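Biologist: I would love to walk through this model with you. Could you take my questions one at a time?

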Amino acid sequence: MTVRRIAVVSAGLSNPSSTRMLADRLAAETVKALREHDIETSVDVIELRDYAHDITNNLLTGFAPPALETAINTVVSADALIVVTPIFSTSYSGLFKSFIDVLDPDALTGKPVLIGANAGTARHSLAIDYAIRPLFAYLHADAVSTGVFAASSDWGGSGDHVAPLAKRVEKGARELADAVARRDAASASDPFDPATYLGEGRSFGHLLGGLAGE
């Protein structure tokens, strides 16, 4: 059975936090969806609040302290990311953006990403598409089409009854699982196998024969 690793980045400031609650639900549902693809998954959670001082020091000095360097390596080496940030002043938190700023600009290229966000009111739900998604597009990450936003009401009984949080979480998780499964299949091809670039069942003899006939 295939085994893959997901890194979860939670930018909540309190402990416990609704940001972490959403991150955990997204991770659990993604693991479940990946199991349907016959892919076992390990999950590493990075709580950015634990690295706040190190992130600031990295921005000031250009060097990551050992603990932050380990966290960065965990993120950039993962097969996929789940990122969740609280929304402050209609955008991602400063802590979240500061962590993104200490990553190598090319480190997330092509990496599947599921975006989550939370705020006190559903009026901030568009922040995923006008603030967070463009950030990952700039980094050339492969953000899945569904972003999952959770308002305070989603954790009680007065949330969205048309598209409840559980359904949104499931949809986003399935999209991320599908992206990971597709990525696995693509990376499984051998670049040195002639079938990769000549076509299945063909050989260099076919290529040379074709050229001779031109």
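Biologist: Which residues does Leu48 touch, not counting residues up to four places away in sequence?

Modeller: Happily, and a word on the ground rules first. This is a predicted model, so local features need pLDDT of at least 70 and side-chain atom pairs count only at pLDDT 80 or more, while totals for chains, interfaces and linings use all residues. Residues are numbered from 1 along each chain as its sequence is written, and side-chain values use heavy atoms, with hydrogens and water left out. With contact meaning heavy atoms within 4.5 Å, Leu48 touches Val9, Ser10, Ala11, Ile55, Leu95, Phe96 and Phe99.

Biologist: Which residues touch the most other members of the largest nonpolar core?

Modeller: A nonpolar core is a set of buried Ala, Val, Leu, Ile, Met, Phe, Trp, Tyr and Cys residues joined through side-chain atoms within 4.5 Å. Buried means under 20% relative accessible area, exposed over 50% and partly exposed in between, with a 1.4 Å probe and protein chains only. The largest such core has 36 residues, and those touching the most other members are Leu48, Phe99 and Phe136.

Biologist: Which element gives the most to this core?

Modeller: Helices (H or I, at least four residues) and strands (E, at least two) are DSSP runs, numbered from the N terminus. The elements giving two or more residues to the largest core include strand 1 (2–10), strand 3 (80–88), helix 4 (94–101) and helix 5 (127–138). The top contributor, with 6 residues, is helix 5.

Biologist: How many residues are in the other core that lies apart from it?

Modeller: Among the members of that other core are Leu34, Val148, Ala177 and Val180. Its count of residues is 23.

Biologist: Now the rings: how many aromatic pairs does a search of the whole structure find?

Modeller: A pair of aromatic rings is described by the distance of the centres and the angle of the planes. Rings of Phe, Tyr and Trp (its six-membered ring) pair if their centres lie within 6.5 Å; planes under 30 degrees apart count as stacked, over 60 as edge-to-face and the rest as tilted. Tyr92 and Phe96 make a tilted pair, 6.3 Å centre to centre with 45° between the planes. The number of pairs found in the whole structure is 2.

Biologist: Why is the pair of Phe96 and Phe136 tilted, and which elements hold its rings?

Modeller: The ring centres of Phe96 and Phe136 are 6.3 Å apart and their planes stand at 55°, so the pair is tilted. Phe96 counts as buried at 1% relative accessibility, and Phe136 does too, at 0%. The pair ties together parts that are 40 residues apart in sequence, because its rings lie in helix 4 and helix 5.

Biologist: Is Ser89 buried or exposed?

Modeller: Ser89 is found in the loop between strand 3 and strand 4 (91–92). Its phi is positive, about 55°, although Ser89 is not a glycine. At 70% relative accessibility, Ser89 counts as exposed.

Biologist: Which peptide bond is cis?

Modeller: One partner, Pro16, is found in the loop between strand 1 and helix 1. Omega is about 0° for the bond that joins Asn15 and Pro16.

Biologist: What residue in strand 2 stands opposite Ala7?

Modeller: Two strands pair if DSSP finds at least two bridges between them. Strand 1 and strand 2 (residues 39–47) run parallel and are joined by 9 bridges. Opposite Ala7 stands Asp44.

Biologist: How many residues of strand 5 are buried?

Modeller: Pro112, Leu114, Gly116 and Asn118 point one way from strand 5, Val113, Ile115, Ala117 and Ala119 point the other way, and all are buried. The count for strand 5 is therefore 8 of its 8 residues, given that buried means under 20% relative accessible area.

Biologist: Which residue in strand 7 is the bridge partner of Ala117?

Modeller: Strand 5 has several parallel pairings to look at. Strand 3 joins strand 5 by 6 bridges, and strand 6 (residues 142–143) joins strand 5 by 2. Strand 5 and strand 7 pair over 4 bridges, also in the parallel sense. In strand 7, the partner of Ala117 is Phe149.
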